2 protein chains.
Amino acid sequence: MPSVSFSKNSSVPNPPAPTAKPATPDVVIVGSVALDTIVTPWERRADVPGGSATYACIAASRRARTGIVGVVGEDFPRAAWNLLRRAGVDLSGLQCASGRTFRWTGEYFADMNQRRTLQTELNVFEDFRPELPPAYRRAPLLFLANIAPELQLHVLDQMAQRPRWVVADTMDLWIRTARPALRKVIRRVDVLTVNESEVRDLTGCASVPEAARKVLRMGPTYVLVKRGEYGSLVVGRDVWRVVPAFPVERVRDPTGAGDTFAGGLMGELARSRGNGAAALVRAAWFGTVLASVAVEDFGPARLLRVPERELERRLSILRESVRYG
Amino acid sequence: MPSVSFSKNSSVPNPPAPTAKPATPDVVIVGSVALDTIVTPWERRADVPGGSATYACIAASRRARTGIVGVVGEDFPRAAWNLLRRAGVDLSGLQCASGRTFRWTGEYFADMNQRRTLQTELNVFEDFRPELPPAYRRAPLLFLANIAPELQLHVLDQMAQRPRWVVADTMDLWIRTARPALRKVIRRVDVLTVNESEVRDLTGCASVPEAARKVLRMGPTYVLVKRGEYGSLVVGRDVWRVVPAFPVERVRDPTGAGDTFAGGLMGELARSRGNGAAALVRAAWFGTVLASVAVEDFGPARLLRVPERELERRLSILRESVRYG
């Protein structure tokens with residue numbers, strides 16, 4: 001197991017600046033931090049900052065103070081540290097371990113909806129054990145991005161009080177290999193985010209509406225079904241909301257779209273201070289807008305640069321798109 | 001070639017009752033009339049009345065006087081004649097030819113989104129040449145359901161005046177084998193309905209938003225992209241509307257969903273007397289509601305039985321589903 005230290009005490013080449021006073025973030029996000037190599041039919045990019053926590057934190061930071069919990073290796077580049085820092089992400093929960101950063105290589109096909117993983121090197125992520133800085137344990141919003149359910153449970157156990165919103169993501173791997181732990185996670189969250197094939201696998205129901213309702217019976221108040229280019233669904237006991245997708249003409253790199261969506265949702269949920277379905281739905285619309293920006297370029301950098309008025313423009317196009325007439 | 005006669009003069013076993021006076025229908029629909037054998041993972045049904053014109057006409061009849069143009073064989077069962085008659089469909093354009101009715105056998109897989117054709121017997125449909133009764137030639141709305149583009153052109157040429165709305169459907173077969181004739185059809189219609197794989201094949205664009213805009217440059221004012229369980233898109237030069245799907249929990253037989261959608265749309269367009277995008281979009285919402293009813297049972301029979309208040313209930317659920325919050 002690589003030795004682990006919190007980055008603020010770390011002596012590796014690119015440590016974040018020490019934060020003056022540990023403050024409780026509005027949103028805490030736990031997940032992977034990676035360097036991605038992305039192949040599309042038209043382009044190839046290596047060492048793009050990625051991972052679920054990276055996208056989600058940068059997205060959430062558009063609306064709220066966000067703390068990241070993850071691990072990087074000594075090779076995590078200065079530019080990537082700076083990206084997170086410029087986004088305003090609190091880095092006191094980002095561990096820096098000796099070894100290499102988690103690396104993922106994936107390839108997209110022409111319609112950009114299908115991808116395959118060419119290579120995965122877990123590296124320092126293999127022995128990652130998320131430890132929350134004390135200030136994080138009272139965060140009002142917690143997003144458990146896609147990591148092993150056992151680790152998601154370990155994070156939940158560290159919280160000093162039940163957050164107002166706990167949202168968890170997962171993936172097909174955990175549904176197949178860690179179902180009992182995943183079921184424990186699902187019992188303890190307010191919102192589970194899943195894509196359509198995941199919700200089918202999790203429940204054994206081919207019908208997505210039926211599958212979503214079955215997940216509700218496992219514990220969460222809402223299920224958020226991610227449908228890629230079709231947008232998403234927010235499903236609750238008496239709630240059925242369709243969130244349309246923004247019509248992106250040229251998707252350049254879909255990596256991180258789901259994490260950007262979830263991160264934007266968390267940020268907007270924090271900003272609105274809402275508790276109910278309406279707040280969740282509006283937050284999902286905001287997450288959708290941010291995800292539409294993310295896919296227009298490689299990596300999460302565009303999420304920092306995009307001006308607020310462009311986000312507003314897209315939201316108004318999106319709202320108009322579902323007009324009855 | 002089988003001998004062809006208009007059914008009102010026909011001496012075959014199950015002729016429709018002669019209509020007292022030939023009236024111009026609000027909507028004329030040209031397409032296939034079939035007897036389907038449908039296999040799902042749970043059920044199998046033989047000789048179900050089907051075909052694009054059958055579904056579309058019964059759907060349109062919920063809102064407007066509709067005339068069907070098609071061909072059946074001598075074996076077309078009395079129950080199927082009666083179904084069309086009870087729906088109020090004008091049958092003066094339904095030819096009855098000596099021989100057997102067009103038959104299609106298809107199989108659906110567990111998620112009901114994929115199907116494969118097991119058998120096609122064209123029978124009398126092979127030599128079908130649509131001839132419009134004189135009264136039909138001034139119809140204000142014309143739907144060219146999925147038949148060979150050459151036949152769609154032949155119908156267009158028979159119209160005594162340009163209808164207010166011409167809507168055409170097509171399929172992958174014609175995109176591959178009859179592209180020049182199809183391009184002529186596309187130039188002459190107001191609305192082209194296509195599904196996502198068709199719009200990609202037609203344009204060579206993997207991105208659906210881009211592909212839809214490319215179709216607009218071929219002539220039509222609107223493209224209506226059918227997205228199955230995700231609903232549909234109405235795309236015009238300055239129009240982008242998402243029509244969500246109604247959340248059907250148990251799809252029993254998806255056959256004819258697209259034709260029901262288009263037929264419902266035509267009927268509502270006729271009823272509203274609208275000309276612009278708003279009328280088309282509202283008509284698409286109505287078509288969506290009708291399609292959600294059709295897929296809950298085999299064949300189009302449920303479209304006749306479903307009470308008006310159930311259609312209203314579904315429309316209000318659908319409208320609520322896209323609420324922002």
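Which residues of strand 13 of chain A lie on one side and which on the other, and are they buried or exposed? In this predicted model, Ser232(A), Val234(A) and Gly236(A) are on one side of the strand, Leu233(A) and Val235(A) are on the other, and all of them are buried, so that both faces are covered. Counted over the whole element, residues 232-236, this amounts to 5 buried residues of 5.

**The neighbours of strand 13**

Strand 13 of chain A is joined to strand 12, which spans residues 222-226, by 5 bridges, and the two run antiparallel. Within this pairing Tyr222(A) stands opposite Gly236(A), a residue that also belongs to the buried set described above. The hairpin of strands 12 and 13 of chain A has 5 residues between the strands, and Gly228(A) in that hairpin takes a positive phi near 55 degrees.

Strand 13 of chain A is likewise joined to strand 14, residues 239-243, by 5 bridges in an antiparallel arrangement. Here Leu233(A) has Val242(A) as its bridge partner, and the hairpin that leads from strand 13 to strand 14 of chain A passes through 2 residues.

**A mixed sheet elsewhere in chain A**

An open sheet of chain A is formed by 4 strands in the order 4-3-7-8, with mixed pairing. Its edge strands are strand 4 (44-50) and strand 8 (115-121) of chain A, each of which pairs on one side only. Neighbouring strands of this sheet are turned against each other by 20 degrees on average, with direction ignored. Strand 7 of chain A, residues 102-108, pairs with strand 8 in the antiparallel sense over 6 bridges, and Tyr108(A) stands opposite Arg115(A) in strand 8 of chain A.

The antiparallel pairs described so far are set out below.

| Strand pair (chain A) | Bridges | Opposed residues |
|---|---|---|
| 12 and 13 | 5 bridges | Tyr222(A) and Gly236(A) |
| 13 and 14 | 5 bridges | Leu233(A) and Val242(A) |
| 7 and 8 | 6 bridges | Tyr108(A) and Arg115(A) |

**Chain A as a whole**

Chain A has 11 helices and 14 strands. Because its radius of gyration is 18 Å, close to the 20 Å that the globule rule gives for 325 residues, chain A is as compact as a globular protein of that length. Its C-alpha atoms fill a box of roughly 60 × 45 × 35 Å along the principal axes, and buried residues make up 53% of the 325 residues. Of the contacts in chain A between residues at least 6 apart in sequence, 69% join residues that are at least 24 apart.

**The side of chain B that touches chain A**

In the complex, 27 residues of chain B are in contact with 27 residues of chain A. On the chain B side, the elements that give two or more residues are helix 7 (208-216), strand 14 (239-243), helix 9 (277-294) and helix 11 (308-321). Helix 9 of chain B provides the largest share, with 4 residues. By residue class, this side of chain B divides into 15 nonpolar, 3 polar and 9 charged residues.

**Confidence**

The average pLDDT of chain A is 93, and 94% of its residues score at least 70. Residues 1-13 of chain A, however, stay under a pLDDT of 50, although the model has 30 contacts for them beyond four places in sequence. For the complex, the predictor gives an ipTM of 0.88 and a pTM of 0.90.

Conventions: Residues are numbered from 1 along each chain as its sequence is written. Chains are lettered from A and ligands numbered from 1 in the order in which they are written. This is a predicted model: local features need pLDDT of at least 70, side-chain atom pairs count only at pLDDT 80 or more; totals for chains, interfaces and linings use all residues. A residue is buried if 20 or more other C-beta atoms lie within 10 Å of its own, exposed if 12 or fewer, and partly exposed in between; C-beta atoms are placed from the backbone. Two strands pair if DSSP finds at least two bridges between them. Axes are lines fitted to C-alpha atoms, for helices over the stretch in contact, and angles run from 0 to 180 degrees between N-to-C directions. Two residues are in contact if their C-beta atoms, placed from the backbone, lie within 7 Å. Ala, Val, Leu, Ile, Met, Phe, Trp, Tyr, Cys and Pro count as nonpolar, Asp, Glu, Lys and Arg as charged, and the others, Gly among them, as polar. pLDDT is the predictor's confidence in each residue, from 0 to 100. The radius of gyration is taken over C-alpha atoms; the globule rule is 2.2 Å times the number of residues to the power 0.38.
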